[in-house]
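Visitor: Could you walk me through this model? I'd like to start with how burial is judged, and then move on to the backbone, the cores and the empty spaces.

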Amino acid sequence: MSPNCGQSGLIQNSLEILSTALLYTIAFLGGCNIVGMVFLCLFLTPLWFVVVLYLGWVFYDWNAPERGGHQFGSDFMRQLALFRYIRDYYPISIEKTSDLDPNKNYIFGYHPHGYVAEGAVVGLISDACGFRELFPGITTHMAVHSFPIKALLHREILMSLGFVNASRESLECILTQLGPGHSAVLVVGGAAELQHVRQGTYVVPLNNRKGFIRLALETGSPLVPVFAYGQNDVLHQLGNSVGSPWWRFNGWMGDVSKKYLGFSTRFGLIHGRFLLMPYRIPIHVVGTFFLSPVSG
């Protein structure tokens, strides 16, 4: 192997690691609104007017995640090289099992959640795996909880990628108002799945989570179940065996946060490569046309 080939491989490997680390960093810092809080500190600097202008924009645009998010810049963001490097890091691939009619609106039910659901983000939202080439005319929108989609600055990143709030109002907007082909991607188990993330184990908590089926029937949107093999294997969770003290604590935490904060949250003692980097384990995303409901 020539020195140039070795150098090229080293650069490629470094870009893959940095891109994946950036994904996890943005997911954590943005989801916790840390980025937004740091941004607000600019108010104490000569750049205070930037904060004022941005907060004015957020006030004006506050309900955008309920109305299908933003379309401008979406094509550019979905085609970022960042997602191709993340794809190659694991690697992530998608398999087409049937054609989808671009004149219909679909609900993609994705499982499992994992920690970041990178199989859904890279495979179904970005163009890194060729989703829009495989399914021309289908535009996907990732539905997430209102907390990360409304976090300052983080909201702009997510909406530019087609993310929306996982509320009924938002999903109805996507499926009935944005036009043919616009489809929703739902992680059907939600954050509650985090309690069940273990190597080689897949648990879908669907109790009280059947609203997406009702929505499909009411809007006439076919369901497309999607399974990501390997999603739960990229990070390991410590002390989370069923019935363990940490497992019970997470269950209690999920119930309390759901009651008082309006959403369920869990904590995981995770480790991977270099402690927090996910392992390079292939994630294979497979979906199949399942149900074509008739509205009304």
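Guide: Buried here means under 20% relative accessible area, exposed means over 50%, and partly exposed is what falls in between. Please keep in mind that this is a predicted model.

Visitor: Okay, so is A117 buried or exposed?

Guide: A117 has a relative accessibility of 3%, and because the cut-off for buried is under 20%, A117 counts as buried. The residue sits in the loop between β2 and α6, and its phi is near 55°, a positive value in a residue other than glycine.

Visitor: Which other non-glycine residue has a positive phi, and where does it lie?

Guide: L153 has a positive phi as well, near 70°, and it belongs to the loop between α8 (146-150) and α9 (154-160). With a relative accessibility of 25%, L153 counts as partly exposed.

Visitor: What about cis peptide bonds, where are they?

Guide: One is the bond from Y90 to P91, with omega near 0°, and P91 lies in the loop between α5 (81-89) and β1 (92-96). Another joins H111 and P112, where omega is about 0°, and P112 is placed in the loop between β2 and α6, which is also where A117 is found.

Visitor: Going back to Y90, what does it touch?

Guide: Leaving aside residues up to four places away in sequence, Y90 touches T20, Y24, E118, V234, P278, Y279, R280, I281, P282 and I283. Y90 is also a member of the largest nonpolar core, which has 46 residues, and it is among those that touch the most other members, together with F108, Y110, L124, M142, F163 and V285.

Visitor: Which element gives the most to that core?

Guide: Helix α6 (residues 118-125) does, with five residues. Apart from this core lies another of 13 residues, including L175, A184, V188 and A216.

Visitor: Switching to empty space, how many cavities of 30 Å³ or more turn up?

Guide: A search of the whole structure finds one, and the largest cavity holds about 130 Å³ of space. Its lining has 17 residues, of which E95, F108, F135, V224 and G287 lie nearest the centre, and the elements giving two or more residues to that lining are β1, β6 and β9 (283-287).

Visitor: And how does that lining divide by class?

Guide: The lining of the largest cavity has eleven nonpolar, four polar and two charged residues.

Visitor: What is the second largest pocket like, in volume and lining?

Guide: The second largest pocket holds about 220 Å³ of space and is lined by 13 residues, with G109, V188, F212, P225 and V226 nearest its centre. V188 is one of the members of the 13-residue core too. Strand β2 (107-111), helix α11 (211-219) and strand β6 (223-229) each supply at least two lining residues, and β6 gives the most, with five. By class, this pocket lining has eleven nonpolar and two polar residues, and no charged ones.

Visitor: Last one, what does the chain look like as a whole?

Guide: The protein chain has twelve helices and nine strands, and 47% of its 296 residues are buried. Among contacts with a separation of 6 or more, 77% are between residues 24 or more positions apart. The chain exposes about 14,700 Å², of which carbon and sulfur atoms supply 66%.

Notes:
Residues are numbered from 1 along each chain as its sequence is written. This is a predicted model: local features need pLDDT of at least 70, side-chain atom pairs count only at pLDDT 80 or more; totals for chains, interfaces and linings use all residues. Side-chain values use heavy atoms; hydrogens and water are left out. On a 1 Å grid over the protein atoms alone, a cavity is a set of points where a 1.4 Å probe fits but cannot get out, and a pocket is an open set with protein on both sides within 12 Å along at least five of seven lines; lining residues have an atom within 4 Å of a point. Grid points are joined across faces, edges and corners, and a volume is the space filled by probe spheres set on the points. Helices (H or I, at least four residues) and strands (E, at least two) are DSSP runs, numbered from the N terminus. Ala, Val, Leu, Ile, Met, Phe, Trp, Tyr, Cys and Pro count as nonpolar, Asp, Glu, Lys and Arg as charged, and the others, Gly among them, as polar. A nonpolar core is a set of buried Ala, Val, Leu, Ile, Met, Phe, Trp, Tyr and Cys residues joined through side-chain atoms within 4.5 Å. Buried means under 20% relative accessible area, exposed over 50%, partly exposed in between (1.4 Å probe, protein chains only). Contact means heavy atoms within 4.5 Å. Accessible areas come from the Shrake-Rupley method with a 1.4 Å probe; for residues, only the protein chains shown count as cover.
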